[in-house]
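Biologist: Take me through this one, please, and tell me what stands behind each label you use.

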Amino acid sequence: MEVVIYTDGSSVGNPGPGGYGTILLYNHHRKELSESYRFTTNNRMELLAVIKGLEALKQKNLNVLIYSDSQYVVNTVEKKWLDNWVSKNFKGKKNKDLWERYIVAAQNQNITFRWIKGHNGNTENERCDFLATYRPKERPLLVDEAFENMQSLSNEIK
């Protein structure tokens, strides 16, 4: 038996307000996760959706199938780009904080990614999109501290 995770992330303005949606399916169990942030990027939310799904798993050594419409996330893992980025300490790469968090969340799990075309009628992907896109309007926005701190530092350098 495997755990199936659907994920999606969004950002209005990119960067701008955003959020993620994650759905975990196991046997007859279903769990939905989502959070919203005041200032972030689409890629950060796509990756955070995967991380939150993995962090919600209570057991190790599970077979986990992750569906994502983010080629950034899927290709980084499946094409082993992440291994190269780690070996170079993420030099010139964005989202180091989240990729390091992904590595911890992914260890001790047997993960396979499948890219799925977004906005193409897949029920679970559409639900994740709703959680990522529309939920931010319904609740207080969290702070993506690592991203906002990096933006502040970048602005100071300019």
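Biologist: What phi does Asn108 have, coming after H4? And what makes H4 a helix?

Modeller: Asn108 follows H4 with a positive phi, near 70°. As for the label, helices are DSSP runs of H or I with at least four residues, strands are E runs with at least two, and both are numbered from the N terminus. H4 covers 96-106, so it passes that test. Keep in mind that this is a predicted model: local features need pLDDT of at least 70, side-chain atom pairs count only at pLDDT 80 or more, and totals for chains, interfaces and linings use all residues. Numbering starts from 1 along each chain as its sequence is written, while side-chain values use heavy atoms, with hydrogens and water left out.

Biologist: Which residues of H4 are buried, and how do you know that they line one face?

Modeller: Buried means under 20% relative accessible area (exposed is over 50%, partly exposed in between; 1.4 Å probe, protein chains only). In H4, Leu98, Trp99, Tyr102, Ala105 and Ala106 make that cut. Looking down the H4 axis, they stay within an arc of 120°, so they sit on one face of the helix. The arc is that of the directions from the helix axis to the C-beta atoms.

Biologist: What covers them?

Modeller: The cover includes H1, helix H2 (71-78), helix H3 (81-87) and strand E5 (110-115), going by contact, meaning heavy atoms within 4.5 Å.

Biologist: Why are E1 and E2 called a pair?

Modeller: Two strands pair if DSSP finds at least two bridges between them. E1 (residues 2-11) and E2 have eight, in the antiparallel sense, so the label holds. One of the bridges puts Asp8 against Gly21 of E2. Their hairpin has four residues between the strands, and Gly13 there has a positive phi near 100°.

Biologist: How many bridges join E2 to E3, and in which sense do they run?

Modeller: Ten, antiparallel. Gly16 stands opposite Thr40 in E3. Two residues separate the strands in that hairpin, where Asn27 has a positive phi near 50°.

Biologist: Why is E2 described as largely enclosed?

Modeller: Eight of its eleven residues are buried, so the rest of the structure largely encloses E2. Strand E4 (residues 63-68) is mostly covered too, with five of six residues buried. E4 is joined to E1 by six parallel bridges, with Val3 partnered by Val64. Six parallel bridges also link E4 to E5, including Ser68 with Trp115.

Biologist: What makes the largest void a pocket and not a cavity?

Modeller: On a 1 Å grid over the protein atoms alone, a cavity is a set of points where a 1.4 Å probe fits but cannot get out, while a pocket is an open set with protein on both sides within 12 Å along at least five of seven lines; lining residues have an atom within 4 Å of a point. The largest pocket has a volume of about 410 Å³, the volume being the space filled by probe spheres set on the points, with grid points joined across faces, edges and corners. Of its 16 lining residues, Arg44, Lys94, Asn95, Phe147 and Met150 are closest to the centre. H6 supplies the largest share, five residues.
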